[in-house]
Amino acid sequence: MNPDFISTTELNAEGFTLKILPPTFKLAVEVFNIFDSDREKMTFFLPDGVFESIEETYMHYKKRTITPNRKMFQIFQDDELLGEIGFSMINPRIGKVEIAFWIKKSARGNGIINKLLPHIEKMAFDCDWCHKIQIHCDTENTASRKIAEKNGYKLEGIIRQDSKWPNGSLRDKCYFGKLKSDI
Ligand SMILES: CC(C)(COP(=O)(O)OP(=O)(O)OC[C@H]1O[C@@H](n2cnc3c(N)ncnc32)[C@H](O)[C@@H]1OP(=O)(O)O)[C@@H](O)C(=O)NCCC(=O)NCCS
């Protein structure tokens, strides 16, 4: 088994560059501003609470570097940061990964995730150990639900009151899955 779980660190696909930047203050400022200006929608990505400060954002990225079972790529086009896609959970023991993504408000509506998702899936299914990919999203996250459905994920269940937003709202979640044997 690959000790890095998924070894790809940079990818050019569909006119985008996917890479994992080191956790710098500059990156934290850019990401914080994107999330801070769109807090409600971004809660779909960070249901426990969107970053409250640049310092918190910086620590989030710093922590990622020591979390081997998480691998999120920044998405760039012409050096502009548009969003992220990658693995929010990698579990080689069970043989499954979970894919997560976000796109900044000004870049949405262009199908970027629909274009990039197959490339991310390939990274996972190319690993011998990976037999399942999951996507979890809020039942009210229409864009994410459409992306999962369009890309051949099966809705395996809706888990009621599966998370709680900082405003106290109890949230139901869709669990989508795709098996290697489905493709
Ligand atoms: C989810 C997200 C990444 C999708 O952005 P995107 O890749 O630009 O996706 P698009 O805007 O192209 O939308 C994808 C599909 O959903 C549809 N859609 C988007 N918003 C919709 C809405 N409010 N109602 C109905 N359909 C909607 C689009 O028409 C498109 O459908 P199509 O493929 O049939 O054309 C983006 O909305 C986002 O960052 N949201 C906040 C963070 C988040 O929710 N992350 C995912 C957590 S699971």
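This report walks through the ligand shell, the nonpolar cores and one hairpin of a predicted model.

**Around the ligand**

Let's start with the ligand, which has 23 residues around it. Phe44, Ile113, Cys137, Ala143 and Lys146 are the closest. Sorted by class, the shell holds twelve nonpolar, seven polar and four charged residues. Helix 5 gives the largest share of this shell, six residues. The table lists the elements that each supply at least two shell residues.

| Element | Residues |
|---|---|
| Helix 2 | 39-42 |
| Strand 5 | 96-103 |
| Helix 4 | 112-125 |
| Helix 5 | 142-150 |

**The nonpolar cores**

In soluble globular proteins, nonpolar side chains tend to be buried together. Here the largest nonpolar core has 30 residues, and the members touching the most others are Ile75, Ile85, Val97, Ile99, Ile113 and Leu116. Two or more residues of this core come from each of several elements, including strand 3 (71-77), strand 4 (80-91) and strand 6 (132-138). Helix 4 makes the largest contribution, seven residues.

Ile113 is worth a look in your viewer: it is among the residues closest to the ligand and also belongs to the largest core. Beyond its neighbours within four places in sequence, Ile113 contacts Ile85, Phe101, Ile103 and Ile147. A separate core of eight residues includes Phe32, Ile34, Val50 and Tyr58.

**The hairpin**

Is strand 7 (154-164) largely in the open or buried? Of its eleven residues, zero are buried, so strand 7 lies largely in the open. Strand 7 pairs with strand 8 in the antiparallel sense, over seven bridges. One of the bridges joins Lys164 to Leu170 of strand 8. Five residues lie between the two strands of this hairpin, and Gly168 in the turn has a positive phi of about 95°.

Technical notes:
Residues are numbered from 1 along each chain as its sequence is written. This is a predicted model: local features need pLDDT of at least 70, side-chain atom pairs count only at pLDDT 80 or more; totals for chains, interfaces and linings use all residues. A residue is near a molecule or strand if its C-beta atom, placed from the backbone, lies within 6 Å of it. Helices (H or I, at least four residues) and strands (E, at least two) are DSSP runs, numbered from the N terminus. Ala, Val, Leu, Ile, Met, Phe, Trp, Tyr, Cys and Pro count as nonpolar, Asp, Glu, Lys and Arg as charged, and the others, Gly among them, as polar. A nonpolar core is a set of buried Ala, Val, Leu, Ile, Met, Phe, Trp, Tyr and Cys residues joined through C-beta atoms within 7 Å. A residue is buried if 20 or more other C-beta atoms lie within 10 Å of its own, exposed if 12 or fewer, and partly exposed in between; C-beta atoms are placed from the backbone. Two residues are in contact if their C-beta atoms, placed from the backbone, lie within 7 Å. Two strands pair if DSSP finds at least two bridges between them.
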